[in-house]
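Me: I'd like to learn how to read a sheet and a pocket. Can you walk me through it with an example?

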Amino acid sequence: QVQLVESGGGLVRAGGSLRLSCAASGGIFSRNAMAWYRQAPGKPRDLVARITSGGTTSYDDSVKGRFTISRDNAKNVVYLQMISLKPEDTAVYYCHAREPDGLIKYDYWGQGTQVTVSS
(Lines give C-alpha, C1' and ligand atoms only; values in the text may rest on other atoms or scores of the structure.)
Protein backbone atom coordinates (compact mmCIF):
# COMPACT_ATOMS: atom_id res chain seq x y z
CA GLN A 1 0.00 0.00 0.00
CA VAL A 2 1.38 3.37 -1.05
CA GLN A 3 0.42 6.62 0.61
CA LEU A 4 0.98 9.93 -1.18
CA VAL A 5 0.94 13.38 0.38
CA GLU A 6 1.20 16.48 -1.80
CA SER A 7 2.34 19.91 -0.69
CA GLY A 8 3.46 23.19 -2.20
CA GLY A 9 0.29 24.46 -3.78
CA GLY A 10 -0.94 27.99 -3.33
CA LEU A 11 -1.87 31.28 -4.95
CA VAL A 12 0.58 32.84 -7.39
CA ARG A 13 0.43 35.57 -10.01
CA ALA A 14 0.73 34.81 -13.69
CA GLY A 15 4.37 34.40 -14.62
CA GLY A 16 5.26 33.14 -11.18
CA SER A 17 6.61 29.81 -10.03
CA LEU A 18 5.71 27.04 -7.63
CA ARG A 19 7.23 23.71 -6.72
CA LEU A 20 4.95 20.87 -5.76
CA SER A 21 6.19 17.95 -3.71
CA CYS A 22 4.72 14.51 -3.25
CA ALA A 23 6.02 12.41 -0.39
CA ALA A 24 5.46 8.69 -0.76
CA SER A 25 5.42 6.02 1.92
CA GLY A 26 4.87 2.28 1.71
CA GLY A 27 5.94 0.09 -1.16
CA ILE A 28 9.27 0.44 -2.95
CA PHE A 29 9.33 3.98 -4.30
CA SER A 30 12.15 3.48 -6.78
CA ARG A 31 10.12 0.85 -8.64
CA ASN A 32 7.10 3.08 -9.14
CA ALA A 33 6.25 5.22 -12.10
CA MET A 34 5.15 8.59 -10.72
CA ALA A 35 3.03 11.28 -12.28
CA TRP A 36 1.24 14.54 -11.70
CA TYR A 37 -2.31 15.07 -12.86
CA ARG A 38 -4.53 18.12 -12.59
CA GLN A 39 -8.23 18.76 -12.54
CA ALA A 40 -9.89 22.10 -13.07
CA PRO A 41 -13.54 22.66 -12.06
CA GLY A 42 -15.91 20.93 -14.44
CA LYS A 43 -13.11 19.27 -16.36
CA PRO A 44 -11.65 15.77 -16.36
CA ARG A 45 -8.46 14.88 -14.55
CA ASP A 46 -5.61 15.18 -17.05
CA LEU A 47 -2.04 13.92 -17.06
CA VAL A 48 0.48 16.75 -16.70
CA ALA A 49 3.83 15.00 -16.37
CA ARG A 50 5.16 11.52 -15.79
CA ILE A 51 8.47 10.01 -14.74
CA THR A 52 9.30 6.34 -14.98
CA SER A 53 11.25 4.30 -12.48
CA GLY A 54 14.24 4.77 -14.79
CA GLY A 55 13.88 8.53 -14.85
CA THR A 56 12.37 8.99 -18.30
CA THR A 57 10.03 11.97 -18.35
CA SER A 58 7.11 12.97 -20.52
CA TYR A 59 4.84 16.03 -20.51
CA ASP A 60 1.54 17.25 -21.77
CA ASP A 61 2.08 19.72 -24.62
CA SER A 62 0.47 22.50 -22.59
CA VAL A 63 3.27 22.46 -20.00
CA LYS A 64 6.33 21.53 -22.05
CA GLY A 65 9.17 23.93 -21.41
CA ARG A 66 7.50 25.31 -18.28
CA PHE A 67 7.10 22.32 -15.95
CA THR A 68 9.74 19.85 -14.85
CA ILE A 69 9.08 16.59 -13.06
CA SER A 70 11.84 14.97 -11.04
CA ARG A 71 12.24 12.36 -8.35
CA ASP A 72 14.51 11.74 -5.39
CA ASN A 73 14.52 8.03 -4.69
CA ALA A 74 16.59 8.52 -1.53
CA LYS A 75 13.85 10.74 -0.06
CA ASN A 76 10.85 9.01 -1.68
CA VAL A 77 9.71 12.30 -3.14
CA VAL A 78 8.58 13.42 -6.58
CA TYR A 79 8.57 17.08 -7.52
CA LEU A 80 6.85 19.26 -10.07
CA GLN A 81 8.67 22.52 -10.71
CA MET A 82 6.36 24.98 -12.43
CA ILE A 83 7.53 28.25 -13.96
CA SER A 84 5.86 30.86 -16.14
CA LEU A 85 2.52 29.91 -14.67
CA LYS A 86 -0.64 30.89 -16.49
CA PRO A 87 -4.22 31.32 -15.23
CA GLU A 88 -5.17 28.21 -17.20
CA ASP A 89 -2.81 26.20 -14.97
CA THR A 90 -5.25 26.74 -12.12
CA ALA A 91 -6.41 23.34 -10.88
CA VAL A 92 -6.12 20.79 -8.13
CA TYR A 93 -2.90 18.89 -8.72
CA TYR A 94 -2.77 15.22 -7.83
CA CYS A 95 0.19 12.95 -7.34
CA HIS A 96 -0.13 9.46 -8.80
CA ALA A 97 1.91 6.32 -8.29
CA ARG A 98 1.78 3.14 -10.35
CA GLU A 99 3.27 0.23 -8.46
CA PRO A 100 4.21 -2.90 -10.36
CA ASP A 101 3.59 -6.32 -8.87
CA GLY A 102 4.48 -8.85 -11.53
CA LEU A 103 1.98 -8.41 -14.32
CA ILE A 104 -0.36 -6.42 -12.09
CA LYS A 105 -0.06 -2.68 -11.56
CA TYR A 106 -1.65 -0.82 -8.69
CA ASP A 107 -2.64 2.83 -8.85
CA TYR A 108 -2.52 5.23 -5.92
CA TRP A 109 -3.54 8.87 -5.59
CA GLY A 110 -2.78 11.68 -3.22
CA GLN A 111 -5.43 13.99 -1.83
CA GLY A 112 -4.51 16.86 -4.15
CA THR A 113 -3.14 20.35 -3.68
CA GLN A 114 -4.74 23.50 -5.06
CA VAL A 115 -2.80 25.73 -7.44
CA THR A 116 -4.40 29.05 -8.27
CA VAL A 117 -2.81 31.42 -10.79
CA SER A 118 -4.20 34.93 -10.87
CA SER A 119 -4.06 37.12 -13.95
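Me: In what order do the 4 strands of the open sheet come?

Reply: Keep in mind that this is a predicted model. Read a sheet by asking who sits beside whom. Here the order is β1-β3-β8-β7, and the strands pair in the antiparallel sense.

Me: Why is one side of β1 and of β7 left without a neighbour in the sheet?

Reply: Look at the edges. β1 (3-7) and β7 (67-72) stand there with a single partner strand each, so one side of each has no neighbour in the sheet. From one strand to the next, the twist averages 15°.

Me: Over how many bridges do β3 and β8 pair?

Reply: For a strand pair, check the residue ranges and then the bridges. Strand β3 covers residues 18-25 and strand β8 covers 77-82, with 6 antiparallel bridges between them. For a landmark on this pair, find L20, which stands opposite L80 in β8.

Me: On to the pocket. What volume does the largest pocket have?

Reply: About 160 Å³. After the volume, go to the lining: 13 residues line the largest pocket, and R38, A40, K43, D46 and E88 lie nearest its centre.

Me: Which strands each supply at least two residues of that lining?

Reply: That would be β4 (33-39) and β5 (46-51). The largest share, 3 residues, comes from β5.

Me: And how do the lining residues divide into nonpolar, polar and charged?

Reply: Sort them by class: the lining of the largest pocket has 5 nonpolar, 3 polar and 5 charged residues.

Terms used. Residues are numbered from 1 along each chain as its sequence is written. This is a predicted model: local features need pLDDT of at least 70, side-chain atom pairs count only at pLDDT 80 or more; totals for chains, interfaces and linings use all residues. Side-chain values use heavy atoms; hydrogens and water are left out. Two strands pair if DSSP finds at least two bridges between them. Axes are lines fitted to C-alpha atoms, for helices over the stretch in contact, and angles run from 0 to 180 degrees between N-to-C directions. On a 1 Å grid over the protein atoms alone, a cavity is a set of points where a 1.4 Å probe fits but cannot get out, and a pocket is an open set with protein on both sides within 12 Å along at least five of seven lines; lining residues have an atom within 4 Å of a point. Grid points are joined across faces, edges and corners, and a volume is the space filled by probe spheres set on the points. Ala, Val, Leu, Ile, Met, Phe, Trp, Tyr, Cys and Pro count as nonpolar, Asp, Glu, Lys and Arg as charged, and the others, Gly among them, as polar.
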